[in-house]
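Biologist: I've got a chain on the screen and some questions about how it packs. Mind walking me through it?

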Amino acid sequence: MFADVRTYWSPEAVKRVTGYDLEGVAKENGGIIHLINSGACCLDASGAAKDENGNGVMKEWWNVTEEDQQAIMDATTWNMADLGYFRGGGYSSRFETKVQMPATMIRLNLVKGLGPMLQIAEGWTVGLPEDVSDTLWKRTDYTWPCTWFAPRCDGKEGAFKSAYDVMNNWGANHGAISYGHIGADLITFASMLRIPVAMHNVPEDKIFRPAAWNAFGMDKEGADYRACANYGALYKPYK
């Protein structure tokens, strides 16, 4: 799905505003990020489709059953656009992701003098009690699709100290979110395309880059930048 990386809610702020104590991955990773966008979002992100064990999931399109389709549509309403945002009117899809699913948020930034660079944050969607979700949701646009996201954080210094730090280090206010933890695949793919990865929270034992990267230093992130700059883009603009 595509979404604004709109607001950060710490456990303390959620408690102050709603009286609710965040639980599970939301509490463990220092809060949640509100992913919300003006209707331009795949309806599958509602998590209304189910796997064979009854868990909410997002499926490959060829595995989506008619029952899944109906459940996804039943979870979605079509709301009049907020005229403060959209003077011309229209409608927005609206749903809430009410289940916990593994997810990977990415952003490809284009930086002057550098070119493309990739950011990756693996984590989970978070289901909140209805009254808690509604209270927080109404702090922004209540007619847009809503997903609460807890990135995997380690509490250490850096971009993944907490969910706040993830948002604070993000390139801009949008992200593309995929079902599952696919960061390791994206890191390998990025190295093939010579795109450096600026931030990620993928476990070290899952990362594979070409062996030639070892010639560019022991600091993995810096070596990635140096190797990509040295070898150059795999594909160049057509002239």
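What follows is a chat about the fold, the cores and a few single residues of this predicted model.

Biologist: Let's start with the overall build. How many helices and strands are there in the chain?
Modeller: Keep in mind that the model is predicted. Its C-alpha atoms fill a box of roughly 55 × 45 × 45 Å along the principal axes. As for secondary structure, the chain has seven helices and 11 strands.

Biologist: What is the radius of gyration, and how does the globule rule compare?
Modeller: For 239 residues the globule rule gives 18 Å, and the chain comes close to that, so it is as compact as a globular protein of that length. The radius of gyration itself is 19 Å.

Biologist: What share of the contacts with a separation of 6 or more joins residues 24 or more positions apart?
Modeller: Buried residues make up 45% of the chain. Among contacts with a separation of 6 or more, the share from residues 24 or more positions apart is 67%.

Biologist: And the outside: what part of the accessible surface belongs to carbon and sulfur atoms?
Modeller: The charges first: there are 23 positive and 29 negative side chains, with the centres of the two sets 9 Å apart. The accessible surface comes to about 13000 Å², and the part from carbon and sulfur is 54%.

Biologist: Which residues touch the most other members of the largest nonpolar core?
Modeller: That core has 26 residues. β1 (2-9), β2 (32-36), β7 (102-111) and α5 (163-169) each supply at least two of them. Apart from this core lies another of 19 residues, including I32, I36, V132 and W148. Back in the largest one, the residues that touch the most other members are L35, M105, V166, W170 and I177.

Biologist: Take V166 from that list. What is it in contact with, leaving aside neighbours within four places in sequence?
Modeller: V166 belongs to the 26-residue core. Setting those sequence neighbours aside, its contacts are I33, A121, P151, C153, A159, F160 and M199.

Biologist: Which elements do the buried residues of α4 pack against?
Modeller: Helix α4 covers residues 130-137, and its buried residues are V132, S133, D134, L136 and W137. They pack against β1, α1 (11-18), β2, β6 (91-94) and β9 (146-151).

Biologist: Is M101 buried or exposed?
Modeller: M101 is in the loop between β6 and β7. Beyond four places in sequence, its contacts are A45, G47, G56, V57, M58, G123, W124, T125 and Y179. Its relative accessibility is 3%, and the cut-off for buried is under 20%, so M101 counts as buried.

Biologist: How about L186, buried or exposed?
Modeller: L186 sits in helix α6 and touches T104, I106, L118 and I120, not counting residues up to four places away in sequence. With a relative accessible area of 19%, L186 falls under the 20% cut-off, so the call is buried.

Biologist: How far apart are the C-alpha atoms of L186 and I207?
Modeller: Along the chain, L186 and I207 are 21 residues apart. In space, their C-alpha atoms are separated by 9.5 Å.

Biologist: Last one: what is phi of R194?
Modeller: R194 is in the loop between α6 (183-193) and β11 (197-199). At 25% relative accessibility, R194 counts as partly exposed. Its phi is positive, in a residue other than glycine, with a value near 65°.

Conventions:
Residues numbered from 1 in each chain as written. Predicted model: local features only at pLDDT ≥ 70, side-chain atom pairs only at ≥ 80, totals over all residues. Heavy atoms only, no water. Core = buried A, V, L, I, M, F, W, Y, C linked by side-chain atoms within 4.5 Å. Buried < 20%, exposed > 50% of the residue type's maximum accessible area, 1.4 Å probe, protein only. Helix = DSSP H or I, 4+ residues; strand = E, 2+ residues; numbered from the N terminus. Contact = heavy atoms within 4.5 Å. Rg over C-alpha atoms; globule rule 2.2 N^0.38 Å. Areas by Shrake-Rupley, 256 points an atom, 1.4 Å probe, with all protein chains shown as cover. Lys, Arg positive; Asp, Glu negative; His and termini not counted. Charge placed at Lys NZ, Arg CZ, Asp CG, Glu CD.
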